[in-house]
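Student: I am new to this structure and would like a close look at a single part of it. Please take the largest pocket, and then go on to what lies elsewhere in the chain.

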Amino acid sequence: MTEQIKALNPREVWEIFSELTQIPRPSNHEEEIQNWAVNFGRKLGLETLKDEAGNVIIKKPASPGMEYRKTVVLQGHLDMVPQKNSDKKHDFQTDPIEAFIDGDWVTANGTTLGADNGIGVSAAMAVLASKTLTHGPIEVLLTATEETGMDGANGLKAGMLDAEILINTDSEDEGELYVGCAGGEDVTISFDYSEDEVPLGYTALKLSVTGLKGGHSGMDIILGRGNSIKTFFRIINVSKDLGVRLASIDGGSLRNAIPREAFGVVVVEEARAADFIGMVDEIADTVKAELSVTEPDLVIKTEGTELPEKLIDAATQDKLVKAVVACPNGVIRMSDSMPGLVETSTNMATLKSDADSKTIVGGFLMRSSVDSAKDELGSRIKAVFELAGAEVTFSGAYPGWKPNMDSPILKTMQNVYENKWGKIPEIKAIHAGLECGILAQNYPHWDMISFGPTIRFPHSPDEKVNIETVQKFWDFLVATLENIPEK
């Protein structure tokens, strides 16, 4: 399929993207892709450097006659989210992505595709490689570890770039221009627990919640998708009168993805095992009915397993279950100023027990375009879990990006789009963490905008990018660079 993808139009973009799919680049394991980017720039004879934060910067002079146009930064991130289906054998640190064409889309076999932000990166590199495009001075900024903490954007020092305009390529709807984004902050909750012995006469069952769509915890939170962790503990809470005991929990995998799967081992008296299994089936039918439109492939099941050596102590189990059931999750408030935009949300992304350390650790990612609303949401989560005896910490806060409706690059790109396609693109803000707000801290003079092709279900194994919109994205980028105003 790689050769077929390379043959798609625009070939200059798809050929580079196909190359990216062969280079492992999960967050925090990016040395190989960073080296690839450095070599790409140097082979072209362009000024190229890698900074202390792992960002790669490549500078290309203006084409003849365009020397006095404003300098533009084309910006994207090199890492990708490593998500796969539980039955898929794939090592994101060593294995290439198995991309293929599925009708009007390019997608991957059981894993994330990496179109987020691989298509944007590929377009920026195609600009660098082109000998025919018309453009002013270009700087390409490829940031490190965006998906797990925006490390590269936070680590970029002032004075590294000369540009006046930043074009971010990390948006996911063609025909839309993004001029603002939400800020975010991580919440970590941690329980210490002691262990109880497994009582005599008990049997063990593995309880699993699978088949959920998951997705980007910012972009897709508005879709009302199921959360495997919340569903798992809903079951445990409802079945508490049966004396069900929890031995372990393993839910979710990534801080910025809606959890698709949750697994745990429970024990119950042998005489009550059939009642528990029947109750799980009833709850499964109820949840499936509630989520019949958004989650048609949801599977909740129990199966026999070996007795665990120990159990999470009863008191901690009770507090944990109540806290997870009570904690806020999903869309908290919609924007008053931009209809259809989520203002504030939170996603319980991970929850895992560790028998060696006797801890249970969970993670949330809160997002909001209003800092005070994010802080208030954090206080709610903190209150719930501290009442349950957990330790709660906050980390990785990053600012939002406030819209500037008088932005010159916004007006330029509106005009370019209207001239090419006969309509004005929609102007939007995004309920996700673009790097623009962070980058503006050291480059406050930048005039910033974000756009991209149509990508669906990022951060999940269903991720796909629409082929036709990649062509429009490229054409739009090329025309925009031709029309950048003079200094």
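Tutor: What follows starts with the pocket and then moves to some single residues and the cores. Keep in mind that this is a predicted model.

The largest pocket has a volume of about 470 Å³. Its lining is made up of 22 residues, and those nearest the centre are Asp-173, Tyr-178, Met-219, Ile-222 and Lys-428. Sorted by class, the lining holds 14 nonpolar residues, five charged ones and three polar ones. At least two lining residues come from each of strand 8 (176-181), strand 20 (426-430) and strand 22 (455-456). Strand 20 contributes the most, with four residues.

Strand 22 also leads to a single residue, Phe-451, which sits in the loop between strand 21 (447-450) and strand 22. Is Phe-451 buried or exposed? Phe-451 counts as buried because its relative accessibility is 2%, and the cut-off for buried is under 20%. Setting aside neighbours within four places in sequence, Phe-451 is in contact with residues including Glu-176, Leu-177, Met-413, Phe-473 and Leu-477. Between Phe-451 and Glu-482 there are 17 Å in space, C-alpha to C-alpha, and the two are 31 residues apart in sequence.

Helix 12 (residues 467-482) contains Lys-472. The relative accessible area of Lys-472 is 18%, so this residue is buried as well, again by the limit of under 20%. Residues up to four places away in sequence not counted, Lys-472 touches Glu-174, Tyr-417 and Trp-421. With Tyr-417 there is a polar contact, side chain to side chain, at 3.4 Å.

Now to the cores. In soluble globular proteins, nonpolar side chains tend to be buried together. The largest nonpolar core here has 62 residues, and Trp-14, Leu-74 and Met-125 touch the most other members. A second core, separate from that one, has 46 residues, among them Ile-236, Ile-249, Leu-320 and Met-348. Leu-74 has contacts beyond four places in sequence with residues including Ala-124, Val-127, Ile-138, Leu-477 and Leu-481. Leu-477 is also one of the contacts of Phe-451.

Ile-236, named in the second core, is one of the buried residues of helix 6 (residues 228-238). Others buried in helix 6 include Ile-229, Phe-232 and Phe-233. The N-terminal end of helix 6 is capped by Asn-227, where a side-chain oxygen lies 3.0 Å from the backbone nitrogen of Ile-229.

Key
Residues numbered from 1 in each chain as written. Predicted model: local features only at pLDDT ≥ 70, side-chain atom pairs only at ≥ 80, totals over all residues. Heavy atoms only, no water. Buried < 20%, exposed > 50% of the residue type's maximum accessible area, 1.4 Å probe, protein only. Polar contact = N/O pair within 3.5 Å; in protein donor to acceptor, adjacent residues only side chain to side chain. Contact = heavy atoms within 4.5 Å. 1 Å grid on protein atoms, 1.4 Å probe; cavity = no way out; pocket = protein on both sides within 12 Å on 5 of 7 lines; lining within 4 Å. Points joined across faces, edges and corners; volume = space filled by probe spheres on them. Nonpolar A, V, L, I, M, F, W, Y, C, P; charged D, E, K, R; others polar. Core = buried A, V, L, I, M, F, W, Y, C linked by side-chain atoms within 4.5 Å.
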